[in-house]
Amino acid sequence: TRTPRASLIAHGPAPRRVAMDNEAAAGSAQIASNTADSAPVSDARPCSSARLVSQGELLCPDGFKWIGLRKLEYEDEGGVQRSWESVERTTRKGDIDGVEIVPVLVNGPSKRPETVLVSQFRPPVGDYVLEFPAGLVDAGESAEEAAVRELKEECGLVGRPFMVSPIVLEAPGMSNANMRSVYMRVDMSLPENINPVSENDDSECITTHRVFLDELESALLDTKKAFGRPMAVDARIFALAAGLNFQRTLDLANES
């Protein structure tokens, strides 16, 4: 079921991209400076001259609707021409394939910030997988509009985008699939978020899971305890959980 986009975007200020403040910009500049001053791991051969030479026809076997295969020819840093096999979506309508939504739930009963995950059966891995809400971008949609729509469809929640990532790649060694991550503020005190009801298609069976952000990593480490059954975990969720706990990660690295 498609919810009209205008009704979903009407809550709160219009979606915006957050500009980097002066302190953050200074930190980024310092990181860039430190990186430039550090010694390379190996300078035996500069890795900056490879190039794509040609792309073969996108092959879609009979019955394939969503993806195709393409053979690529490229020239490596040594001038040697090589081949590569790529998987591509056939559904891209603009500059990105899809969006991933990182919901930040605020003003809930506990007053502790939460997020919401989804789980669904993923045939390629033969298992149920914990993921952030996500979906493909429709023709003419911005990343923010797609995120608002997908969060409503998959989780029944109305949220407001407050930050959007640059275009990022999903599995560049295998595919050109790309996306943007859209961070959304979801005010759980709003009437429309009190008793959320998802609007999934008949072919979808998606379960939602609310998790306190400060318990996210421990929940992912023991999905049976946290969610009632063992499940596979999408790498992007675990990366966020590890980032939230990065000081502990640094302490472990220093102790190793």
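User: Happy to start with a ring: is Phe 162 buried, partly exposed or exposed?
Analyst: This is a predicted model, and its values are computed from it. The relative accessibility of Phe 162 comes to 23%. Buried would need a value under 20% and exposed one over 50%, so the class for Phe 162 is partly exposed.

User: Which class does the pair of Phe 162 and Tyr 183 fall into: stacked, tilted or edge-to-face?
Analyst: A pair of aromatic rings is described by the distance of the centres and the angle of the planes. For Phe 162 and Tyr 183, the centres are 6.4 Å apart and the planes meet at 55°. Stacked needs an angle under 30 degrees and edge-to-face one over 60, so this pair is tilted.

User: Where in the chain do Phe 162 and Tyr 183 sit, and how many residues apart are they?
Analyst: Phe 162 belongs to strand β8 (residues 160-164), while Tyr 183 belongs to strand β10 (residues 178-187). Tyr 183 is partly exposed, at 24% relative accessible area. The pair links distant parts of the chain, with a separation of 21 residues.

User: What about Phe 121 and Tyr 128: stacked or edge-to-face?
Analyst: Nice one to look at on screen. Phe 121 has 40% relative accessibility and is partly exposed; Tyr 128, at 31%, is partly exposed too. Their rings are 5.5 Å apart centre to centre, with 65° between the planes. The cut-off for this class is over 60 degrees, and the pair is edge-to-face.

User: Which residue lies over the face of Phe 212?
Analyst: Here the partner of the ring is an arginine. The distance to the ring centre is 3.7 Å. The residue over Phe 212 is Arg 112.

User: Which residue forms a salt bridge with Arg 122?
Analyst: Arg 122 is partly exposed, with 33% relative accessibility. The partner is buried, at 9% relative accessible area. The closest N and O atoms of the bridge are 2.7 Å apart, and the partner is Glu 131.

User: Is Arg 149 buried or exposed?
Analyst: Arg 149 forms a salt bridge with Glu 141, the closest N and O atoms being 2.7 Å apart. Glu 141 counts as buried at 10% relative accessibility. For Arg 149 the value is 1%, so the class is buried.

User: Which residues are joined with Arg 149 into one network of salt bridges?
Analyst: Glu 150 also forms a salt bridge with Arg 149, with the closest N and O atoms 3.1 Å apart, and both of these residues are buried. Salt bridges that share partners then extend the picture into one network. Joined with Arg 149 are Asp 138, Glu 141, Glu 150 and Glu 153.

User: Which residues make the nonpolar surface patch of about 310 Å²?
Analyst: One member, Trp 66, is in the loop between β1 (51-55) and β2 (67-75). Trp 66 has 48% relative accessibility, and patch members need over 30%, so Trp 66 passes that cut-off while counting as partly exposed. The patch is made by Phe 64, Trp 66 and Ile 67.

User: To step back, what share of the contacts in the protein between residues at least 6 apart in sequence joins residues at least 24 apart?
Analyst: The protein has 7 helices and 12 strands. Of its 256 residues, 32% count as buried. Among the contacts you ask about, the share joining residues at least 24 apart is 62%.

Notes
Residues are numbered from 1 along each chain as its sequence is written. This is a predicted model: local features need pLDDT of at least 70, side-chain atom pairs count only at pLDDT 80 or more; totals for chains, interfaces and linings use all residues. Side-chain values use heavy atoms; hydrogens and water are left out. Patches are made of residues with over 30% relative accessible area and no salt bridge: like charges are joined within 9 Å, nonpolar side chains (Val, Leu, Ile, Met, Phe, Trp, Tyr) within 5 Å. Accessible areas come from the Shrake-Rupley method with a 1.4 Å probe; for residues, only the protein chains shown count as cover. A salt bridge is a side-chain nitrogen of Lys or Arg within 4 Å of a carboxyl oxygen of Asp or Glu. Helices (H or I, at least four residues) and strands (E, at least two) are DSSP runs, numbered from the N terminus. Buried means under 20% relative accessible area, exposed over 50%, partly exposed in between (1.4 Å probe, protein chains only). Contact means heavy atoms within 4.5 Å. Rings of Phe, Tyr and Trp (its six-membered ring) pair if their centres lie within 6.5 Å; planes under 30 degrees apart count as stacked, over 60 as edge-to-face and the rest as tilted. A charge sits over a ring if NZ of Lys or CZ of Arg is within 6 Å of the ring centre and within 35 degrees of the ring normal.
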